[in-house]
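Student: I would like to go through the side-chain contacts in a model and see how each label is earned.
Tutor: Then put each label to me as a question, and I will set the value against the cut-off.

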Amino acid sequence: MEQNLIVDFVQENMKTIYTYALSRVSNREDAEDLTGDILLALLSCASRLRNEDALYGFIWSVAGNTYKKFLRRKNRHDTNPLSQDDLEQLADPEDFTLELELAEDRREQLIKLRRELSLLSWEYRECTLLFYFQGLSCRETAMKMGISLDMTKYYLFKTRKLLKEGIGMEREFGTKSYQPAKFTFRTLFAGSYNREYVNLFHRLLPGNILHSAYYSPVTIRELALETGVPTAYLEDEVALPVKYGLLNLLAPGEKSGKEIPGGKEHTPSGRDRYQTNMILYTEEYMDELYEKLTALCTEPLTAVLTAMRGQLDALKAIGFRGADLADDRLLWPLLWLVLHRGNQRNNEQYSYRMLYDHATGINVGIINPDETESPFTTYGFAGYSRIDENYAAAFADFGILPAKNRYLQQNIQTVKEAVYAGSGEYILFQGTQLSEVERLLQPQILAMANLYERMIFMAQELLRSHAPESVAGLIPNVVGKTLFFDTVGLLGKCALDSGALKLPDTEYPLAVFLYSTNADSWELKDNQS
């Protein structure tokens with residue numbers, strides 16, 4: 001451990017040790033000899049260092065003693081030897097300590113300078129690199145950047161001021177520099193597929209940029225401090241969300257986004273401010289939403305299930321496969337049917353927005369999604385999930401269900417074999433049977449549609465208290481289009497917790513029904529039996 005400390009110090013301070021030696025002897029040759037003596041002494045005495053905090057004092061002691069030995073050795077061959085007092089004075093420990101402090105200060109200043117350079121926006125950074133690092137004149141720098149000579153001089157003047165102020169500041173990177181927010185990007189779209197757009201949020205940085213710019217406008221410099229990413233890299237990262245309208249570029253002093261002229265590339269400026277132009281569902285919002293919706297939904301959902309239970313005899317009389325299953329086995333898939341159809345009645349009154357050329361949709365970001373199992377979520381659901389050319393499944397894997405009772409835990413081939421083998425463990429609607437079931441359940445579907453309307457209104461009002469004013473106009477359509485996806489699991493939990501629905505003892509998936517997608521499928525089944 002001590003050896004490593006000394007080696008690290010020597011590697012980092014070789015020039016300082018040599019400068020120390022050169023300032024105390026008469027020529028470079030002696031300075032090189034003294035430097036070698038000091039380095040050898042430091043390495044050979046490393047085991048004597050007992051406390052890391054005493055590193056500098058230890059090094060001074062070794063260097064000072066080595067210097068005195070060096071002088072004594074020189075004195076033996078000198079006609080005018082120095083006295084002991086002279087030796088002590090020449091090897092004054094404060095001199096070496098000062099050298100170390102100055103070297104440490106220079107290193108710290110260099111670190112801060114590099115930090116401040118990394119925070120400069122494009123125009124200041126480019127001007128500084130051309131003038132100071134590439135050695136171009138002001139006029140040459142102006143020509144290279146395509147700006148006026150006066151503007152070049154202004155950038156250089158402003159850069160010096162920014163660097164001077166920044167070096168004297170104690171800056172702290174934001175929490176996202178070491179603990180990025182977990183960001184899930186959900187997009188519902190209709191139209192052409194755009195790989196660049198869909199893949200935009202497969203990385204952590206874009207989502208954390210949007211999160212950082214959500215509640216108030218920020219500059220690239222502020223984003224750099226929050227994320228710990230230099231501005232040179234952030235400028236490209238910011239360009240894509242701006243391109244697709246997920247991040248607004250604000251005009252100076254304005255609250256609304258500033259349009260970038262079509263086909264014209266925007267050059268980033270240190271004065272540019274950005275603000276997120278999409279809804280983010282925060283963990284605080286989702287927690288409060290689930291709490292309020294649980295209180296709202298439990299009683300109406302209990303009433304729906306009670307009415308459905310009273311209709312089971314009429315539903316069984318339709319004669320679909322699986323009609324002879326126990327009541328609770330039947331109610332789980334029928335509940336999913338009512339939820340799905342009830343949502344469809346409300347969904348049509350909300351609209352998509354333009355996402356990019358030839359595609360419309362809705363975007364939402366979910367911050368800090370809980371990766372642990374949650375009864376409020378689902379592990380997948382679909383109104384249509386293809387089995388083969390003749391049959392499809394509609395299912396909801398409510399988070400409240402045990403893993404064995406989830407449809408997606410089943411092998412699709414096993415389900416297919418069960419269908420064609422005539423298994424009575426799956427509900428299967430042939431021909432017009434599904435339409436007849438929906439007709440009988442219309443009162444419950446309408447009640448569910450009314451409940452969804454109340455849920456959407458509550459979620460919209462709640463989101464207005466959590467989201468910034470800048471995205472308030474997006475709230476109605478975003479909530480109207482996405483609430484269903486976030487509450488399927490919650491409604492399954494409410495149904496079970498209310499006691500209106502129970503978990504039957506079965507190894508088969510519960511909230512799933514199969515249906516024919518081919519008018520000839522029933523005849524096909526009869527021929528194969």
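Student: Why is the contact between glutamate 436 and arginine 439 called a salt bridge?
Tutor: A salt bridge needs a side-chain nitrogen of Lys or Arg within 4 Å of a carboxyl oxygen of Asp or Glu. For glutamate 436 and arginine 439 the N to O distance is 2.5 Å, so the pair meets the definition. This is a predicted model, in which local features need pLDDT of at least 70, side-chain atom pairs count only at pLDDT 80 or more, and totals for chains, interfaces and linings use all residues. Residues are numbered from 1 along each chain as its sequence is written, and side-chain values use heavy atoms, with hydrogens and water left out.

Student: Where do glutamate 436 and arginine 439 lie?
Tutor: Both are in helix α18 (residues 433–440), three residues apart, about one turn of the helix. Helices (H or I, at least four residues) and strands (E, at least two) are DSSP runs, numbered from the N terminus.

Student: What makes arginine 439 buried, exposed or partly exposed?
Tutor: Buried means under 20% relative accessible area, exposed over 50%, and partly exposed in between (1.4 Å probe, protein chains only). Arginine 439 has 49%, so it counts as partly exposed. Glutamate 436, at 29%, is also partly exposed.

Student: How many salt bridges does the whole structure hold?
Tutor: The search finds 14. Another one joins arginine 329 to glutamate 425, with the closest N and O atoms 3.2 Å apart. Arginine 329 lies in helix α16 (residues 327–347) and glutamate 425 in the loop between α17 (412–420) and β9 (427–429), so the pair ties together parts 96 residues apart in sequence.

Student: Is arginine 329 buried or exposed?
Tutor: Its relative accessibility is 8%, so arginine 329 counts as buried. Glutamate 425, at 28%, is partly exposed.

Student: What makes tyrosine 290 and phenylalanine 376 a stacked pair?
Tutor: Rings of Phe, Tyr and Trp (its six-membered ring) pair if their centres lie within 6.5 Å; planes under 30 degrees apart count as stacked, over 60 as edge-to-face and the rest as tilted. The structure holds 26 aromatic pairs. In this one the centres are 4.8 Å apart and the planes are at 5°, so both conditions for stacking are met. Tyrosine 290 is in helix α14 (residues 283–310) and phenylalanine 376 in the loop between β6 (359–367) and β7 (378–386), so the contact ties together parts 86 residues apart in sequence.

Student: Why is the pair of phenylalanine 381 and phenylalanine 485 called tilted?
Tutor: The ring centres are 5.9 Å apart and the planes are at 35°, so the pair is tilted. Phenylalanine 381 is in strand β7 and phenylalanine 485 in helix α20 (residues 475–497), 104 residues apart.

Student: How do you know that the charged end of lysine 481 sits over the ring of tyrosine 352?
Tutor: The term requires NZ of Lys or CZ of Arg within 6 Å of the ring centre and within 35 degrees of the ring normal. The charged end of lysine 481 is 4.7 Å from the centre of the tyrosine 352 ring and sits over that ring.

Student: How many disulfides are there?
Tutor: Zero. A disulfide is a pair of cysteine sulfur atoms within 2.5 Å. The nearest cysteine sulfur to cysteine 297 belongs to cysteine 494, 5.6 Å away, so cysteine 297 fails the cut-off. With a relative accessible area of 0%, cysteine 297 is buried.
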